[in-house]
Amino acid sequence: MLLRFLATSPYVRKVMVLALEAGLGDRIEKVPTSPQADEDSLIEHNPLSKVPTLVCDDGTVLYDSPVVCEYLDSLHDGPRLVPTEGKARWTALRRQALADGILDALVLRRYEGMRPAELRSEDWLASQTRKVERGLDALEKEAEAKALADPYGPLTIGEIAIACALGYLDFRFADDDWRHNRPALASWFDDASQRPSIKNTAPPAA
Ligand SMILES: N[C@@H](CCC(=O)N[C@@H](CS)C(=O)NCC(=O)O)C(=O)O
């Protein structure tokens, strides 16, 4: 399989963490890609010109990280990382949606912050920041209640997405100090960061 890949993308990282946890790392060939360059070869596969985009062995193309993750999870015989039914499934998918939503707000914030000051909307930046803060507060409550999967045991896509969102915060927004007042989440992430799948997918130094 070919994965249109960008080492700094947290959505790509989510796919790679799942692939490594599922023992599929060797089956994925990473194709370095600059999605914002509107490369014809990427657009041919994904009209949105985004990574991750996966070209399966039979030529089927899949995109959007939740879709790619669910597909990869169907290719192995180990415990499912995207639970297939019941409360476990909806909890994992809801957590993934929350973590992806935090990422979406962070990416919007990053792009807005890169615009010239006179074009930048402080209201928009503040609104995206509030989404991130509320999302992190909700995750702190889950960590405090010990509801998140044990960072040393089997994970689901929910915890994988959360780890990638927190990793992106450290990577692009190190000054935010998201750990302040969120000790349970910080401790959970410190432990989760010891997993080889998380360590081996860390973004390059900013
Ligand atoms: N919802 C998508 C988001 C993917 C996404 O936004 N990827 C970014 C890289 S971090 C991208 O390709 N951006 C290119 C662009 O928006 O032009 C997913 O989960 O895969």
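Start with the sheet: in this predicted model, four strands make up an open sheet, ordered β2-β1-β3-β4, with mixed pairing. Select β2 (29-32) and β4 (61-63) next. These two strands stand at the edges with a single partner strand each, so one side of each has no neighbour in the sheet. Looking from one strand to the next, the twist averages 25°.

Now select residues 2-5 and 53-55, which are strands β1 and β3. They pair in the antiparallel sense, over three bridges. To find the register, pick Leu2; Val55 in β3 stands opposite Leu2.

Add the helices. Residues 10-21 form helix α1, which lies across β1 and β2 and runs at about 150° to β1. Then select residues 65-73, helix α3. Helix α3 packs on the sheet and touches β3 and β4, its direction making about 125° with that of β4.

Move to the ligand and show the residues around it: Ser9, Pro10, Tyr11, Pro35, Gln36, Ser49, Lys50, Val51, Pro52, Asp64, Ser65 and Pro66. Three of these deserve a distance label.

- Val51: a backbone N or O atom lies 2.8 Å from a nitrogen atom of the ligand.
- Asp64: a polar side-chain atom lies 3.1 Å from a nitrogen atom of the ligand.
- Ser65: a polar side-chain atom lies 2.6 Å from an oxygen atom of the ligand.

Finally, switch on the ligand surface. How much of the area that the ligand exposes when taken alone does the protein bury? Alone, the ligand exposes 510 Å², and the protein buries 81% of that.

Note on methods
Residues are numbered from 1 along each chain as its sequence is written. This is a predicted model: local features need pLDDT of at least 70, side-chain atom pairs count only at pLDDT 80 or more; totals for chains, interfaces and linings use all residues. Side-chain values use heavy atoms; hydrogens and water are left out. Two strands pair if DSSP finds at least two bridges between them. Axes are lines fitted to C-alpha atoms, for helices over the stretch in contact, and angles run from 0 to 180 degrees between N-to-C directions. Contact means heavy atoms within 4.5 Å. A residue is near a molecule or strand if one of its heavy atoms lies within 4 Å of it. A polar contact is a pair of N or O atoms within 3.5 Å; within protein, one must be able to donate a hydrogen and the other to accept it, and residues adjacent in sequence count only if both atoms are side-chain atoms. Accessible areas come from the Shrake-Rupley method with a 1.4 Å probe; for residues, only the protein chains shown count as cover.
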